[in-house]
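Biologist: I am new to this structure and should be grateful for a close look at a single part of it, the nonpolar core. Please set that part in the context of the whole chain.

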Amino acid sequence: MPSASAVSRTRPSFATWLGTTNDITRTFLSAGGVPGLINMGGGLPEPGTFPVPEIARLAGEAVKAHPGQVLGYGPIEGLPELRDALAKRFSTPTTRLSRDNVFVTSGGMQGLDLLGKVLLDEGGLVAGQFPTYLGALDAWRPRQPAFRNMELDDPAFDAHVALAGAQFAYAVPNFSNPTGRMVPLATRKALVAAAHCTGTWLVEDDPYGLLQYDGEPLPRLIDISALGSDGTTYTGPVIYMGTLSKEIAPGLRIGWVIAEPEMIMALTMAKQGSDLCTSGLTQHIALAALEAGLIDRIQPLLLSTYRARRDALCDAMRTELGGWFEWEVPVGGMFVWAIARDPALDTDLLLHHALEAGVCVSPSSVFDAAGRNRRAIRINFTLNEPDRLAEGVRRLAEALVTMQARKP
Ligand code: PMP
């Protein structure tokens, strides 16, 4: 028998994938607690836009009217009435959706996690829009997937080649996280055609679709996929994902997956081994909010607040950062993606100096499964007021100067 001291020297270990991850999201979510730090790192909404009195009222009504559903366990797939309401919201004359096409998740993040569980084998291949949302990389990391980067802005992009052989493809067509760009219509059509032709699942992650500040929306991949179908329940390869996080408030933790019915069944099996069901309280709030048209009511405030902040950020960037970075003004979403003019500029190192100067932005390495892209930064414009955004950009410029000065 080993002695007690011998036992205490043998440290219990963790799964190996943990050694390949980073804690940048934890940094963003806790940055609010660091005194004086200007957090332009996370994709956080302005809390002043949360419809507080309405949510408080809907919560109170839900507990009183449906105590059993709100405080008990519920169906794994989600509250039937909420699934119906979401099916109605996303149905079009050609995209016919029923309850069987809809699955409620605990935030959009859970949808990404469960999709990884039902679609990815160990080391499986993901065709991911590049750069890729870091939460998706986080969600799938335990499976240690291989990534085929899809550069959707590259004129030579071939959707068929990109999707062939992948376990699924992943894109954020509207105002991508991190780049804020919109995938053009021709590329959307090519992705959908390739998904049908190669028999590859195509995940359309759309948390930012309603946050469009200029121009006209483009059709969803799922709607393109449903065109020409036989008019019955959707059975195509597109898996559409949404969330209330950017439309109402992230604390509700309500998201959804819309897909063909067998995929909904598979996700149900995975959720059974995850959290059993999404909170009945917030599902009832979501249902009542949809029925009362709350999203439509608060959208003008969201758009005017965020459009002004985007403009304030870009103005400040033009003054302070034009010599260092280039960027496009995004037409929607929450981020500006700035690429360093100097290919040797290391934005991992810049983050270190930026934090010292009192500002947080996201370095591009975390949006690259291989961690190699160190030339860009993602800057959020939704959380801070215009003056604070300008001050954050000034601090970032200061960090760049310090970094240059300390260069060996
Ligand atoms: N997908 C993308 C592209 C996102 O940016 C986010 C939030 N940052 C999510 C999914 C998940 O959001 P939530 O879990 O808050 O619904």
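How many helices and strands are there in the chain, and which residues have the most contacts inside the largest nonpolar core?

Modeller: The model is a predicted one. Its chain contains 15 helices and 13 strands. The radius of gyration is 22 Å, close to the 22 Å that the globule rule gives for 408 residues, so the chain is as compact as a globular protein of that length. Along the principal axes, the C-alpha trace extends over about 70 × 65 × 50 Å. Buried residues make up 47% of the 408 in the chain. Among contacts with a separation of 6 or more, 74% join residues 24 or more positions apart.

As to the core itself, in soluble globular proteins nonpolar side chains tend to be buried together. Here the largest nonpolar core has 111 residues, and Ala169, Leu202 and Ile239 are those with the most contacts inside it. Helix 13, residues 294-320, gives the most to this core, namely six residues. Domain 1 and domain 2 both give residues to the core, so it lies between them.

The domain assignment places 4-50 + 296-405 in domain 1 and 72-295 in domain 2. A distance of 25 Å separates the C-alpha centres of domain 1 and domain 2. Where they meet, 33 residues of domain 1 are in contact with 32 residues of domain 2. On the side of domain 1 that touches domain 2, the elements that give two or more residues are helix 2 (24-30), helix 13 and strand 10 (335-340). Helix 13 gives the most to that side, with nine residues. By class, the residues of that side of domain 1 are 17 nonpolar, 10 polar and six charged.

Three residues allow a closer view of the surroundings. Setting aside residues up to four places away in sequence, Ala169 touches Ala127, Met150, Ala162, Leu163, Leu191, Ala195, Thr200, Leu202 and Val203. Leu202, one of these partners, is also in contact with Ile239.

Ile239 lies in strand 7, residues 238-243. This residue counts as buried because it has 27 C-beta neighbours inside 10 Å, where 20 or more are required. Beyond the neighbours within four places in sequence, the contacts of Ile239 are Leu115, Trp201, Leu202, Val203, Glu204, Val257, Ala259 and Met263. Leu221 is 18 residues from Ile239 along the chain, and their C-alpha atoms are separated by 8.9 Å.

Met241 is found in strand 7 as well. Met241 has 25 C-beta neighbours inside 10 Å and therefore counts as buried. With neighbours within four places in sequence left aside, Met241 is in contact with Gly108, Gly111, Val203, Glu204, Asp205, Asp206, Gly255 and Val257. Phe103 is 138 residues from Met241 in sequence, yet the two are 9.5 Å apart in space, C-alpha to C-alpha.

Gly108, a contact of Met241, leads on to the ligand. Of the 14 residues around the ligand, those that come nearest are Gly107, Gly108, Met109, Thr243 and Ser245. Helix 6, residues 107-119, provides the largest share of this shell, three residues. The shell around the ligand comprises five nonpolar, eight polar and one charged residues.

Notes. Residues are numbered from 1 along each chain as its sequence is written. This is a predicted model: local features need pLDDT of at least 70, side-chain atom pairs count only at pLDDT 80 or more; totals for chains, interfaces and linings use all residues. Helices (H or I, at least four residues) and strands (E, at least two) are DSSP runs, numbered from the N terminus. The radius of gyration is taken over C-alpha atoms; the globule rule is 2.2 Å times the number of residues to the power 0.38. A residue is buried if 20 or more other C-beta atoms lie within 10 Å of its own, exposed if 12 or fewer, and partly exposed in between; C-beta atoms are placed from the backbone. Two residues are in contact if their C-beta atoms, placed from the backbone, lie within 7 Å. A residue is near a molecule or strand if its C-beta atom, placed from the backbone, lies within 6 Å of it. Ala, Val, Leu, Ile, Met, Phe, Trp, Tyr, Cys and Pro count as nonpolar, Asp, Glu, Lys and Arg as charged, and the others, Gly among them, as polar. A nonpolar core is a set of buried Ala, Val, Leu, Ile, Met, Phe, Trp, Tyr and Cys residues joined through C-beta atoms within 7 Å. Domain bounds come from an automatic or database domain assignment.
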